Amino acid sequence: MLYPKSIANKLGFDQVIAAAMNHCQTQKGLAHFNRIKCSGNEELIKLWLMQTAELKEIIEKGELPVSLEIDFDLHLESARIEGFFYEIDTINEIQDLLYVLQKVCDYAQNHNEEYPLLHELFKSIDIDFELIEDIDTIIGLDNEIKSDASPGLKKIVSAITRAEKNIIKSSNSLFTAAKEKGFLGDTELGIKNGRVVLPVLSEYKRKIGGVLIDQSGTGKISYIEPLELVGLNNELAELQIKKRQEIIAIL
């Protein structure tokens with residue numbers, strides 16, 4: 001049977017769609033309505049109405065309290081490219097999505113006689129819900145990769161801790177010696193470009209063997225990286241790079 005293109009308007013279906021769109025909480029939801037079309041398949045329409053009736057009853061009973069106001073893009077095309085990885089925020093959103101979907105699937109399974117159409121709708125979903133626990137093993141409550149997320153990362157983090165202790169020990173010794181000689185223009189060690197430096201009065205900068213990293217706005221203080229710290233700082237920088245590479249591998 002042929003229908004005019006204006007059938008949705010003549011039946012008021014466009015008004016139903018507009019009313020439903022007002023309840024959308026995400027752009028993904030709104031985009032779904034742009035794909036909805038009228039159907040002339042009576043059996044399919046009856047199935048949809050019965051499915052809707054089951055879902056409406058579940059919502060009214062409040063037995064399945066789920067909320068998922070997540071609006072994110074999985075970038076599926078990019079995800080197929082070798083070397084692509086999701087950042088932590090996206091992985092957390094994926095976990096939230098899996099958690100809600102798991103609750104719905106479990107509910108449909110446990111109420112298969114009461115809501116057979118809902119059960120039929122979700123029984124064919126083939127998703128590895130163990131990913132929920134897998135994500136918990138690598139991402140902590142602080143939204144950071146856990147230091148023991150992999151044996152390699154655990155080893156690198158331990159090496160970073162040792163390197164930082166060595167830098168602190170050496171820098172404190174150098175700082176004390178320079179302070180006793182009156183070479184310093186500040187009471188604390190400085191950090192410039194991720195490297196530990198001595199805040200040396202510029203007139204004494206040639207008294208300290210090292211690399212000039214930066215100067216204060218007035219030029220009165222020169223931030224010197226002592227030669228004794230160059231190797232240690234380089235080691236720490238290399239370890240930080242290895243840590244990032246390992247985290248990317250984990251993600």
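The following exchange concerns the cores, ring pairs and selected contacts of a predicted model.

Modeller: Local features in this predicted model need pLDDT of at least 70 and side-chain atom pairs count only at pLDDT 80 or more, while totals for chains, interfaces and linings use all residues. Residues are numbered from 1 along each chain as its sequence is written, and side-chain values use heavy atoms, with hydrogens and water left out.

Biologist: Which helix gives the most to the largest nonpolar core?

Modeller: A nonpolar core is a set of buried Ala, Val, Leu, Ile, Met, Phe, Trp, Tyr and Cys residues joined through side-chain atoms within 4.5 Å. The largest one has 25 residues, of which Leu118, Ile139 and Ile145 touch the most other members. At least two residues each come from helix 6 (88–110), helix 7 (116–122), helix 8 (131–138) and helix 10 (227–250), helices being DSSP runs of H or I with at least four residues and strands runs of E with at least two, numbered from the N terminus. The greatest contribution, eight residues, is that of helix 6.

Biologist: With which residues is Ile139 in contact, leaving aside its neighbours within four places in sequence?

Modeller: Contact means heavy atoms within 4.5 Å. With those neighbours set aside, the partners of Ile139 are Ile88, Ile91, Asn92, Glu144, Ile145 and Lys146.

Biologist: Is the aromatic pair of Tyr107 and Tyr115 stacked or edge-to-face?

Modeller: Rings of Phe, Tyr and Trp (its six-membered ring) pair if their centres lie within 6.5 Å; planes under 30 degrees apart count as stacked, over 60 as edge-to-face and the rest as tilted. For Tyr107 and Tyr115, the centres are 6.3 Å apart and the planes differ by 25°, so by this definition the pair is stacked.

Biologist: Is Tyr204, the partner of Phe183, buried or partly exposed?

Modeller: The rings of Phe183 and Tyr204 form a tilted pair, with centres 5.2 Å apart and planes at 35°. Buried means under 20% relative accessible area, exposed over 50% and partly exposed in between (1.4 Å probe, protein chains only). Phe183, at 11%, is buried; Tyr204, at 28%, is partly exposed.

Biologist: Which residue has its backbone nitrogen 3.3 Å from a polar side-chain atom of Ser216?

Modeller: Ser216 lies in the loop between strand 3 and strand 4 (221–226). Not counting residues up to four places away in sequence, Ser216 touches Ile221 and Tyr223. The backbone nitrogen lying 3.3 Å from a polar atom of the Ser216 side chain belongs to Lys220.

Key
A polar contact is a pair of N or O atoms within 3.5 Å; within protein, one must be able to donate a hydrogen and the other to accept it, and residues adjacent in sequence count only if both atoms are side-chain atoms.
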